[in-house]
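Work through the three exercises below with the structure open. Try each task before reading its solution.

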Amino acid sequence: MHIKKIQRLIAAASISLSVSAALMAPGVASAQGTLRIGMTLADIPLTTGQTDQGGEGQRFMGYTAYDALVNWDLTTADKASDLVPGLATEWKVDDADKTKWIFKLRQGAKFHDGSEFKASAVVWNLDKLLNDKSPQYDPKQAAQGRSRIPAVASYKAIDDYTLEVTTKEPDAFVPYQLAWILISSPAHWEAVGKDWNKFALQPSGTGPWKLVSWTARERAEMVPFKEYWDKTRVPKLDKLVLVPIPEAATRTSALRSGQVDWIEAPAPDAIPSLKQAGFQITSNGYPHNWTWHLSRVEGSPWNDIRVRKAANLAVDRDGLSELLGGMMVPAKGHVLPSSQWFGKPQFDITYDPEKAKELLAEAGYGPDKPVTVKVLISASGSGQMQPLPMNEYIQQTLGEVGIKVEFEVVEWNTMVNLWRAGAKSDQVKGANAINFTYFIQDPFTGFIRHLDSRLTAPNGTNWGWYNDPEMDALFQKAKNAFTPAEQTKALQEVHEKFVNDALFLYVTHDVAPRAMTSKVKGFVQAQNWYQNFSSITVE
Amino acid sequence: MISYLIRRLLYSVPIALGVSLMIFMLVHLAPGDPISAIAPADAPPDVIERLKVDYGYDKPLPVQFALWLGRAVTGDLGRSVATGQSVSGEVMSAVGNTIMLSLCAALVGFTLGAGLGFVAGYNQGRLLDKAATAIAIAGISVPHYWLGMVLVIVFSVQMNVLPAVGMGPGGSSDWAWDWAHMQHLILPAITLAVIPIGIVMRTTRSAVAEILNQEFVQALRAKGLSERHVLGHVVRNVAPTVLAVMGLQLGYLLGGSILIETVFSWPGTGFLLNTAIFRRDIPMLQGTILVLALFFVFLNVVVDLIQTAVDPRIKRA
Amino acid sequence: MAETTLPGMVPDTPVASRGYWSSVFRRLRGDWVTIFCLVVLLAIILSAVFAPWVAPVDPYKTSVIRRLKDIGTPGFPLGTDELGRDMLSRLIYGGRLSLLMGITPVINALVIGSLLGIVAGFVGGKVNMVIMRTVDVFYAFPSVLLAIAISGALGAGLVNSIVSLTIVFVPPITRVAESVTTSVRNLDFVEAARASGAGSWTIIRVHVLGNVLGPVFVFATGLISVSIILASGLSFLGLGVRPPEPEWGLMLNTLRQSIYVNPWVCALPGLMIFITSICFNMMSDGLRAAMDVRA
């Protein structure tokens with residue numbers, strides 16, 4: 001009957017389908033030397049210079065296609081990463097007037113479109129972020145870049161290869177600030193019709209990689225820029241392909257099925273099976289801090305130093321490490337223990353529940369009168385690692401010493417707003433801590449912006465309204481330490497106070513795990529949010 | 001008939017207006033302001049203010065709505081807050097990808113569904129019927145995004161015969177009708193087809209059973225008409241109902257693919273929506289939902305017309 | 001999914017006789033498939049209601065060392081989740097929220113939609129036009145899209161999700177109710193009742209309700225599985241119930257990351273959704289078959 005015929009057709013079709021499927025394996029890495037990276041981002045970052053989407057955006061679309069005046073040293077794994085000359089070869093502050101900086105710029109550097117790099121380009125780029133009357137002002141890039149250079153008051157080109165920057169007050173951290181500012185090609189902007197949207201389609205910077213094509217939400221393709229000014233960093237690969245895959249499980253599937261060669265941030269649970277399947281896992285500490293930012297508003301239980309210390313002693317960081325498959329560095333302070341700014345704090349942060357209970361008893365708390373704290377946490381978010389399991393685990397261990405933790409779970413976008421709003425805002429609904437992860441790679445972003453008494457909402461991100469003149473004085477000292485030795489010492493003193501006063505709940509630092517096929521060679525994972533892709537080859 | 005068509009089209013206009021108003025309200029009701037997606041967390045307040053002005057968020061809501069609607073009517077859906085590219089451009093290319101996926105899913109779903117429905121209808125009450133019905137009910141009961149994940153594990157990771165994500169080695173701009181690209185369609189299309197299989201099957205089965213049980217079919221058979229003729233008769237009679245359901249399912253496939261596209265990173269309108277929602281990209285969100293909803297309104301009109309043409313009993317007021 | 005009224009889905013000739021319901025029950029009693037599904041559903045519902053007594057352990061207690069244990073581990077018959085919580089207890093407790101998010105919106109929509117539909121169908125004219133055109137605006141959205149859009153606007157959370165899903169289901173129920181009411185209103189015996197002086201309320205009570213509620217109810221039971229799946233989809237996208245509450249869709253989401261460590265455990269919530277949906281659907285089918293007045 002007709003039905004039987006249809007049934008036979010279906011059977012035949014499915015047999016032929018499975019045979020052909022077996023004959024053709026999908027997604028084999030195409031040409032020699034192409035690296036396909038699966039990013040955690042949901043979309044290709046802004047391509048015009050100042051990237052968006054945080055550290056990962058800057059990692060893949062910032063320092064790849066562009067340079068700043070000051071770059072980061074991304075070539076070694078075993079020491080803290082520091083600043084190195086980028087498009088500026090040297091810089092120093094004027095001895096007489098500490099608000100004046102002179103930058104000597106690199107000669108012979110070219111943009112991707114062929115135009116020459118000169119001081120006027122830097123002025124042009126700073127105008128793009130700071131001067132809203134200039135034709136090249138770009139609100140999107142300004143939103144990203146302006147807050148990174150709070151010290152800059154004015155700037156001018158002395159000659160083609162000398163730049164003078166004047167700051168509002170003496171600030172030794174100007175080089176760190178300028179390391180954020182990426183230099184786009186003014187000539188190219190003019191050539192595409194003075195339109196940033198057109199520039200975005202075909203960008204031009206001075207970086208080692210040239211962006212040749214990109215499709216929103218799907219992929220971006222970059223090729224080496226052979227005329228890059230640093231001959232040691234001209235990329236060896238033929239092509240670099242970036243693919244946004246925000247779902248962790250999907251990302252792992254993509255790696256395992258051969259569709260990409262490298263994924264950022266595999267889910268920690270997937271790592272053992274990835275290792276078993278023959279993939280390489282790289283990781284390294286870097287200036288990342290997963291912490292509870294504590295409220296110091298009146299009435300907050302965290303105002304008592306004994307409570308703060310007790311909480312820090314009550315977190316079982318080794319147990320947490322098991323949760324994360326070992327992919328973390330237990331915190332001993334605000335920065336990594338290996339950081340040059342760690343110093344020698346006296347408060348030793350370990351797991352000591354007995355001491356914690358003692359301290360709480362001293363403070364007047366006990367099993368019948370527990371401390372109650374309310375913490376804002378998010379279910380996900382850039383850099384937040386595995387916020388829910390981690391926070392629940394901390395809740396349990398803190399509960400064991402008599403600190404009752406209550407959570408207010410919000411989604412990531414709301415979280416960012418609550419962080420901006422500050423602890424005194426009604427929006428935080430009485431929460432007295434916020435679980436936020438911090439980029440602690442430079443002194444201002446790492447230390448000052450959290451605890452400077454002038455930087456409370458809405459002027460800054462001192463979320464907890466912390467106010468201690470002693471700390472402000474230490475910050476001032478550091479800002480006025482213009483030699484490297486002085487600066488390191490001053491920042492060590494800052495860090496020692498951070499730890500001795502237990503100003504945050506110090507939990508852990510991420511190690512940026514990455515998984516890649518065994519064919520990827522030559523990658524050195526620097527202790528930095530950003531990475532160097534130039535030395536990589538794919539067999 | 002023509003007057004009904006015109007009346008129906010005219011009704012679509014206030015519906016479209018209502019749809020756009022609702023979208024606008026929904027999107028602006030959402031917690032979290034639009035600027036938080038474009039500015040980094042620690043941007044100073046004056047930068048945020050400036051951004052609000054640049055994007056027009058400082059104007060009162062009704063004014064914003066009127067401006068948006070005015071531009072939308074001319075086809076300009078604004079610029080994406082996140083990428084700066086034209087929303088209409090992005091939506092149109094995404095719609096193309098979703099249509100491709102939906103049509104493949106429709107192909108699989110409708111043929112299998114109708115086929116199973118016929119088998120069941122012809123074998124009412126017997127084992128084949130029960131088996132086919134079981135498949136159909138399973139189809140509409142399974143959480144399809146979960147099924148997608150399972151298929152990825154089995155076919156991509158374990159057996160390594162089909163890819164897990166995306167639309168092909170070169171992305172969507174690089175589409176070609178060869179195996180390297182078409183293999184990316186298979187898993188998402190199958191996953192998406194599961195629900196239409198169920199619904200089409202059940203509708204077809206009940207329609208076929210109804211026709212076959214009518215007395216005049218027995219009469220036709222008694223008169224000696226061949227089975228083939230009877231089948232033709234059945235097909236002619238169930239076609240309108242089944243086609244109407246297929247039309248609506250197509251609408252569901254186009255608009256409801258967000259979960260599948262998320263699991264497979266398929267660059268269609270669903271994926272676009274997902275990213276727009278979480279990045280608070282308001283122009284993109286408004287534009288995408290508007291296009292999808294208008295598509296659906298149009299589809300509803302077409303289905304209504306088919307229904308009315310076939311069965312004049314269903315005249316609406 | 002857009003399910004709509006079609007000629008085949010609604011009885012064309014409603015019969016308002018008392019013997020009708022007893023014949024419905026007779027038919028149901030003989031349908032063992034439907035009875036079986038009913039029993040399974042009752043088991044799930046009862047275990048959800050009596051969860052504190054049925055579940056072996058505390059579904060919130062985490063343990064870092066006991067993560068993702070296999071099915072059949074002593075003490076944890078269905079294994080543990082990514083935080084070391086017992087899966088069996090989580091699934092039982094999860095049934096509460098999942099069923100709640102599945103059934104409540106449908107009940108709400110049943111009440112609201114029937115009301116709107118009967119009013120629209122009975123009164124007709126301008127009232128009908130206003131109600132039905134408003135319904136059309138909502139109908140313009142595929143249900144998944146609408147649920148996500150509304151949930152996105154209201155924010156995550158149990159109550160918001162229920163509101164969102166109720167709004168999604170009111171339009172289809174209204175449409176079914178209106179369509180049946182319209183066809184009943186125009187039937188001969190209703191004319192006869194009016195002619196004999198019966199008031200509108202009497203007509204509604206005796207003739208309309210009896211004939212409309214049946215098909216609407218059957219239609220609604222078919223929506224329950226859709227509601228459960230939509231609700232779990234919302235949680236999957238982070239728009240539904242918030243952690244650490246156990247809910248099948250949310251569990252599916254959070255276990256997704258661990259799918260390479262213990263795929264069987266990760267599949268369990270999906271299985272529960274599947275079983276529950278199938279049972280509701282089969283029951284709905286059985287009801288429809290029993291209530292269908294076909295020879």
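The model is predicted.

**Exercise 1. Find which residues of H7(B) meet which residues of H8(B), and classify the contact.**

Solution.
- Start on the H7(B) side. The contact residues are B:His144, B:Leu147, B:Gly148, B:Leu151, B:Val152 and B:Phe155.
- Cross to H8(B). Their counterparts are B:Leu187, B:Ile190, B:Thr191, B:Val194 and B:Ile195.
- Sort the residues of this contact: eight are nonpolar, three polar and none charged.
- Now take the geometry. H7(B) covers residues 144–158, and its axis lies 9 Å from that of H8(B), at an angle of about 145°.
- The crossing of H7(B) over H8(B) is right-handed.

**Exercise 2. Determine how many residues the largest nonpolar core has, and which helix gives the largest share.**

Solution.
- The core has 339 residues.
- A:Val375, B:Ala293, C:Ala140 and C:Ile173 have the most contacts inside it.
- Helix H8 of chain B (residues 179–212) supplies the largest share, 16 residues.
- Inspect C:Ile173. Leaving out residues up to four places away in sequence, its contacts include C:Leu110, C:Val216 and C:Phe219. C:Gly113, C:Ser114 and C:Gly117 are also among them.

**Exercise 3. Explain why strand S1 of chain A is largely enclosed, and name its pairing strands.**

Solution.
- Count burial over residues 34–39. Five of the six residues of S1(A) are buried, so the strand is largely enclosed by the rest of the structure.
- S10(A), residues 239–244, pairs with S1(A) in the parallel sense over six bridges. There, A:Leu242 is the bridge partner of A:Ile37.
- S11(A), residues 262–264, also pairs with S1(A) in the parallel sense, over two bridges. Here A:Gly38 has A:Ile263 as its bridge partner.

How values were computed: Residues numbered from 1 in each chain as written. Chains lettered and ligands numbered in written order. Predicted model: local features only at pLDDT ≥ 70, side-chain atom pairs only at ≥ 80, totals over all residues. Buried ≥ 20, exposed ≤ 12 C-beta atoms within 10 Å, placed from the backbone. Helix = DSSP H or I, 4+ residues; strand = E, 2+ residues; numbered from the N terminus. Pairing = 2+ DSSP bridges. Core = buried A, V, L, I, M, F, W, Y, C linked by C-beta atoms within 7 Å. Contact = placed C-beta atoms within 7 Å. Axes fitted to C-alpha atoms, helices over the stretch in contact; angles between N-to-C directions. Left-handed = near helix turned anticlockwise from the far one by under 90°. Nonpolar A, V, L, I, M, F, W, Y, C, P; charged D, E, K, R; others polar.
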